[in-house]
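Student: I'd like a close look at one part of this structure, the helix that opens the chain's domain assignment, and how it pairs up with its neighbour. Could you walk me through it and then place it in the rest of the model?

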Amino acid sequence: MRDVRGGLTFRLVVASAVLAVVVAVAFAVLLSSVGRLRDLQQEAGRSGEVLVGANHLEKLVVDLEAGQRGFIITAQEAFLDPWTTARAAIPGQVRELAALVADNPTQLAAVRQIDQTITSYLDDYSIPLLNTTRTNPAAARTIAVTQEGKARIETLRADFDRFGATETTKADQRQAQAAAADHRASVAAAFGLAGSLALVVAFGAYLTCAIARPVRRAAVMAGRIAGGDLDVQLPGHGPGEVGVLERSFNTMAASMRRNRAELAASRARIVAAGDQARRRIERDLHDGIQQRLVSLVLDLRTVEAELPEDNAVQAGQVADGLAAALDELRELSRGIHPAILSEGGLGPALKALARRSPVPVELDLDVPQRPAEPVEVAAYYVVSEALANAAKHAEATVVTIEARSTVDRLCLRVHDDGVGGASPTPGSGLAGLVDRVEALGGTLKLTSPPGDGTELTVELPLLPAGAAPGDAR
Ligand SMILES: Nc1ncnc2c1ncn2[C@@H]1O[C@H](COP(=O)(O)OP(=O)(O)OP(=O)(O)O)[C@@H](O)[C@H]1O
Ligand SMILES: [Mg+2]
């Protein structure tokens, strides 16, 4: 098949691409939201680590203060152990905390500030105080000294509180952002899923409308054409190749319709030509030989009357023989083309056939209007052949003939109660009837089960008076 613009392949590729893009966009949004959510969760986790680190550093500062106080009160070096351990751990802890807030300049500055305050506490207050305790414990225990320590520790605590509050606020913000990202991810997933589903359904519906349904229609049409119904028609505007298929089907059906009409017309012409030839022969016989034989019989009768008795008997026998031959010729010419059909119509012609039939006939006629001549002739030959067959083959005791006309059809039914088993053979009487009936657009049905009689059912469309055979189509 040649390429079709906007063909099915192109449409399917475009529809698939749209579906793929929508699904891809939905998944991209979903993945980016999930990634953002993961980042925020990581940041929230780091805030927790920062708070833990700050707490740890604050605890070390508290250890400094506690160890120092124990040493001042007891003047025993053993009480200084917490101070010593805390002092050794503080630089590492400060570095760790600074590393955790390295990406946040405000918090980094706060850590530096805390580091400076601790250093100042140690260098300017704690270490000199411990030295004083070793040399002059009483001076070290003075209220003024202790107050300064408290004040420095309060300052440090305030720094830690600010640092913690800032970090907590930040953690809360990240938590809120994480919740928003989580919500966005859920919405993106829901929309992506619903959009994909809707597109898949739309895609399926499109495939059904654009391909499945027209192909099914074409299949039904092909089935009807195969069954002899050539009047089917497809829309012809289906998409792409489906439209081409529909139009091809329509063209095919139209060409088959034309061929069928031409065939019917030529069949009808052949039948009509045969009928004309029969009519001419019947007329020639009637007007020519029959008239000649009639006058010969009359002449012979005249001669017979004038001859002596012996010769008169002989002449009478010749005249009788001639009269019998004339009767046979008349009988023959009636079969060739029944003049009574042309003159009296179907009713009288069928009654004449019934009278001549050797098998008794029951006739039921209801044909008020005379059909067109080709229809009458066809009906006459159907009944004539059926009666001849009943006499020749059926061993029937009775033949029933029904003839009725409706608005547009002449229906015939001829039934005999004989042996059945009739079937047309090429060139035989029944086959000729099929040709004759179908040439007029009619139908013939033969039912003849062996042992159960024979029935011929014929329907002929009623042609308008004067119509030519084949016009019924
Ligand atoms: N009414 C019937 N009852 C039983 N058999 C029949 C009957 N009509 C026809 N047949 C059988 O069917 C065959 C075909 O019939 P058909 O009328 O086509 O041909 P035919 O009568 O043999 O020859 P033709 O009609 O050409 O003189 C017959 O030979 C006969 O065997
Ligand atoms: Mg026959």
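**A long helix and its partner**

Tutor: Helices α1 and α2 run roughly antiparallel to each other, because the angle between them is over 145 degrees. Keep in mind throughout that this is a predicted model. The angle itself is about 160°, and the two axes lie 8 Å apart. In sequence terms, α1 covers residues 8–74 and α2 covers residues 81–100. As for handedness, α1 and α2 make a left-handed crossing. The residues of their contact split into 15 nonpolar, six polar and six charged.

Now for α1 by itself. Is its length what you'd expect for a helix with that residue count? What should the 67 residues of α1 span at 1.5 Å a residue? The expected figure is 99 Å, and the end C-alpha atoms of α1 are 98 Å apart, so the two agree. Right after α1 comes A75, and the phi of A75 is positive, near 60°.

Zooming out, the protein chain is divided into domain 1 (8–213), domain 2 (260–337) and domain 3 (341–473). By their residue numbers, α1 and α2 fall in domain 1. The centres of domain 1 and domain 2, taken over C-alpha atoms, are separated by 131 Å.

There's another helix pair to set beside this one. Helix α6 (residues 240–306) and helix α7 (residues 309–336) have axes that come within 9 Å and cross at roughly 165°. That angle is over 145 degrees, so α6 and α7 also count as roughly antiparallel to each other. Here too the crossing is left-handed, with α6 passing α7. The contact of α6 with α7 draws on 19 nonpolar, four polar and five charged residues.

Last, the ligand, which I suspect you'll want to see. Ligand 1 is surrounded by 19 residues, and the closest are N389, A422, S428, G429 and L430. Two helices, α10 (373–394) and α11 (429–439), each supply at least two residues of that shell. The largest share, five residues, comes from α10. By type, the shell around ligand 1 divides into seven nonpolar, 10 polar and two charged residues.

Conventions:
Residues are numbered from 1 along each chain as its sequence is written. Chains are lettered from A and ligands numbered from 1 in the order in which they are written. This is a predicted model: local features need pLDDT of at least 70, side-chain atom pairs count only at pLDDT 80 or more; totals for chains, interfaces and linings use all residues. Domain bounds come from an automatic or database domain assignment. Axes are lines fitted to C-alpha atoms, for helices over the stretch in contact, and angles run from 0 to 180 degrees between N-to-C directions. Helices (H or I, at least four residues) and strands (E, at least two) are DSSP runs, numbered from the N terminus. Angles under 35 degrees count as roughly parallel, over 145 as roughly antiparallel, 65 to 115 as roughly perpendicular and the rest as oblique. A crossing is left-handed if the near helix is turned anticlockwise from the far one by less than a right angle, and right-handed if clockwise. Ala, Val, Leu, Ile, Met, Phe, Trp, Tyr, Cys and Pro count as nonpolar, Asp, Glu, Lys and Arg as charged, and the others, Gly among them, as polar. A residue is near a molecule or strand if its C-beta atom, placed from the backbone, lies within 6 Å of it. The expected span of a helix is 1.5 Å times one less than its number of residues.
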